[in-house]
Amino acid sequence: MKLITAHRILIAAGIAFFLLYALIQARQFSSHGGGAGALVQAVVAAAIAIGLIIYYRSLKQWGRR
């Protein structure tokens with residue numbers, strides 16, 4: 001296994017984690033009255049997931065060098 005393959009796997013796991021965390025926090029905010037903290041955490045986690053998705057898509061070029 002090449003190092004870039006392991007890196008892609010770890011980035012994909014990070015994306016999945018942050019999306020799951022954003023969903024959990026959004027659910028807590030909407031159903032349990034979690035307050036502004038839960039909403040902020042959901043938005044930040046979603047933003048990090050989007051950033052990781054953009055980074056993951058840029059890794060497609062690395063295998064072709």
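Let me start with Gln 25, which is found in helix H1, the helix that covers residues 3–32. Please keep in mind throughout that what we are looking at is a predicted model.

Is Gln 25 buried or exposed? Gln 25 has a relative accessible area of 9%, and because the cut-off for a buried residue is under 20%, Gln 25 counts as buried. If we leave aside the neighbours within four places in sequence, the residues in contact with Gln 25 are Ala 38, Gln 41 and Ala 42.

From there I would like to move to another residue of helix H1, namely His 7. With a relative accessible area of 28%, His 7 is partly exposed, whereas Gln 25, as I said, is buried. Once the neighbours within four places in sequence are set aside, His 7 is in contact with Tyr 55 and Leu 59. There is also a distance to note here, taken from C-alpha to C-alpha: His 7 and Tyr 56 are separated by 49 residues in sequence, and in space they are 9.3 Å apart.

Now to the second helix, H2, which takes in residues 36–58 and contains Leu 39. The relative accessible area of Leu 39 is 39%, which makes this residue partly exposed. Which residues form a nonpolar patch on the surface together with Leu 39? They are Phe 29 and Val 43, and the accessible area of the three together is about 250 Å².

Let me step back to the whole chain, where the count of secondary structure elements is two helices and zero strands. The radius of gyration is 15 Å, while the globule rule gives 11 Å for 65 residues; the value for this chain is well over that, so the chain is more spread out than a compact globule. As for its extent along the principal axes, the C-alpha trace spans about 50 × 20 × 10 Å.

How much of the chain counts as buried? Of the 65 residues, the share is 18%, and Gln 25 is one of the buried residues. The accessible surface of the chain comes to about 4900 Å², and carbon and sulfur atoms hold 70% of that surface.

Finally, a word on contacts across the sequence. If we take the contacts in the chain with a separation of 6 or more, then 68% of them are accounted for by residues 24 or more positions apart. I will close by returning to His 7 in helix H1, for which the contacts outside the sequence neighbourhood of four places are Tyr 55 and Leu 59.

Key:
Residues are numbered from 1 along each chain as its sequence is written. This is a predicted model: local features need pLDDT of at least 70, side-chain atom pairs count only at pLDDT 80 or more; totals for chains, interfaces and linings use all residues. Side-chain values use heavy atoms; hydrogens and water are left out. Patches are made of residues with over 30% relative accessible area and no salt bridge: like charges are joined within 9 Å, nonpolar side chains (Val, Leu, Ile, Met, Phe, Trp, Tyr) within 5 Å. Accessible areas come from the Shrake-Rupley method with a 1.4 Å probe; for residues, only the protein chains shown count as cover. A salt bridge is a side-chain nitrogen of Lys or Arg within 4 Å of a carboxyl oxygen of Asp or Glu. Helices (H or I, at least four residues) and strands (E, at least two) are DSSP runs, numbered from the N terminus. Buried means under 20% relative accessible area, exposed over 50%, partly exposed in between (1.4 Å probe, protein chains only). Contact means heavy atoms within 4.5 Å. The radius of gyration is taken over C-alpha atoms; the globule rule is 2.2 Å times the number of residues to the power 0.38.
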